[in-house]
Amino acid sequence: MKLFIKITALILLACTLNSCGYNNMVTLNENTEEAWGNVQTAYQRRNDLIGNLVKTVKGAADYEKSALVEVINARAKATSITIDPSNITPEQLAKFNKVQGGLSGALKSLLVTVERYPDLKANQNFLKLQDELTSTENQILTARTRFNGAIKPYNNYVKTLPRNIYAGWFGFEPKPYFDAEAGAEKPVEVEFDFN
């Protein structure tokens, strides 16, 4: 009789685990990690281009040092943040988003400063780098959108009954989405200094 109970318990356990969706959770989690890797790749591309942009600006113009220093410091902060994609928390993502937003702001400031230097604006190397940065910002947007697209099915899967029970057992927690940067809802103010 004890043997029958043990075999029945094992069969019930196997059936329960078979329907728990563990393999699907693993697959969906891997998709989110791949999407996060693409986000990091896009940001790394921007960080690599910034070094070349700063060198080009330094070499081609009587630059304003503060704008370059701001970009260099923001880039250093942006490259110092690392996130483990298997254990992303909303706080980590907010911190990452904040430093990346600071770098975006510093780049905008540098590009506005560059407008004061006609020789630099005509420099082919600078124009190419500026185009590359614009393309990279679009790639970052795409990667972030795809990351959120990978998070949605994962979160839906681990939050619905009965999978949320199994997800808790196996340590699959919901993951945060990328949110817009603070102040992104406000239009950018452009000012021209004709003095």
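**Exercise 1. How many salt bridges are there by the rule of a Lys or Arg side-chain nitrogen within 4 Å of an Asp or Glu carboxyl oxygen?**

The count comes to 2 salt bridges. This is a predicted model: local features need pLDDT of at least 70, side-chain atom pairs count only at pLDDT 80 or more, and totals for chains, interfaces and linings use all residues. Residues are numbered from 1 along each chain as its sequence is written, and side-chain values use heavy atoms, without hydrogens and water.

**Exercise 2. Which parts does each salt bridge tie together?**

Step 1. Glu-132 pairs with Arg-45, with the closest N and O atoms 2.3 Å apart. Glu-132 is in helix α6 and Arg-45 in helix α2 (residues 22-60), so this pair ties together parts 87 residues apart in sequence. Helices here are DSSP runs (H or I, at least four residues), numbered from the N terminus.

Step 2. Arg-46 and Glu-137 form a salt bridge at 2.9 Å, N to O. Arg-46 lies in α2 and Glu-137 in α6, so parts 91 residues apart in sequence are tied together.

Step 3. Check accessibility: buried means under 20% relative accessible area, exposed over 50%, partly exposed in between (1.4 Å probe, protein chains only). Arg-46 is buried at 0%. Glu-137 is partly exposed at 30%. Glu-132 is partly exposed at 26%, and Arg-45 is partly exposed at 28%.

**Exercise 3. Describe how α4 and α6 pack.**

Step 1. The angle is about 155 degrees and the axes are 13 Å apart. Axes are lines fitted to C-alpha atoms, for helices over the stretch in contact; angles run from 0 to 180 degrees between N-to-C directions.

Step 2. α4 and α6 are therefore roughly antiparallel. The cut-offs: under 35 degrees is roughly parallel, over 145 roughly antiparallel, 65 to 115 roughly perpendicular, the rest oblique.

Step 3. List the contacts (heavy atoms within 4.5 Å). From α4 come Asn-97, Ser-104, Leu-107, Leu-111 and Val-114; from α6 come Phe-126, Gln-130, Leu-133, Glu-137 and Arg-144.

**Exercise 4. Describe how α6 and α7 pack.**

Step 1. Helix α6 (residues 124-159) meets helix α7 (residues 163-170) at about 100 degrees, with axes 6 Å apart. The two are therefore roughly perpendicular.

Step 2. Tyr-157, Val-158 and Lys-159 of α6 touch Arg-163, Asn-164 and Ala-167 of α7.

**Exercise 5. Is Ile-83 buried or exposed?**

Step 1. Ile-83 sits in the loop between α3 (65-80) and α4 (90-114). Ile-83 is buried, at 7% relative accessible area.

Step 2. Beyond its neighbours within four places in sequence, Ile-83 contacts Trp-36, Gln-40, Ile-88, Gln-92, Leu-93 and Phe-96. The C-alpha atoms of Ile-83 and Phe-96 are 8.0 Å apart.
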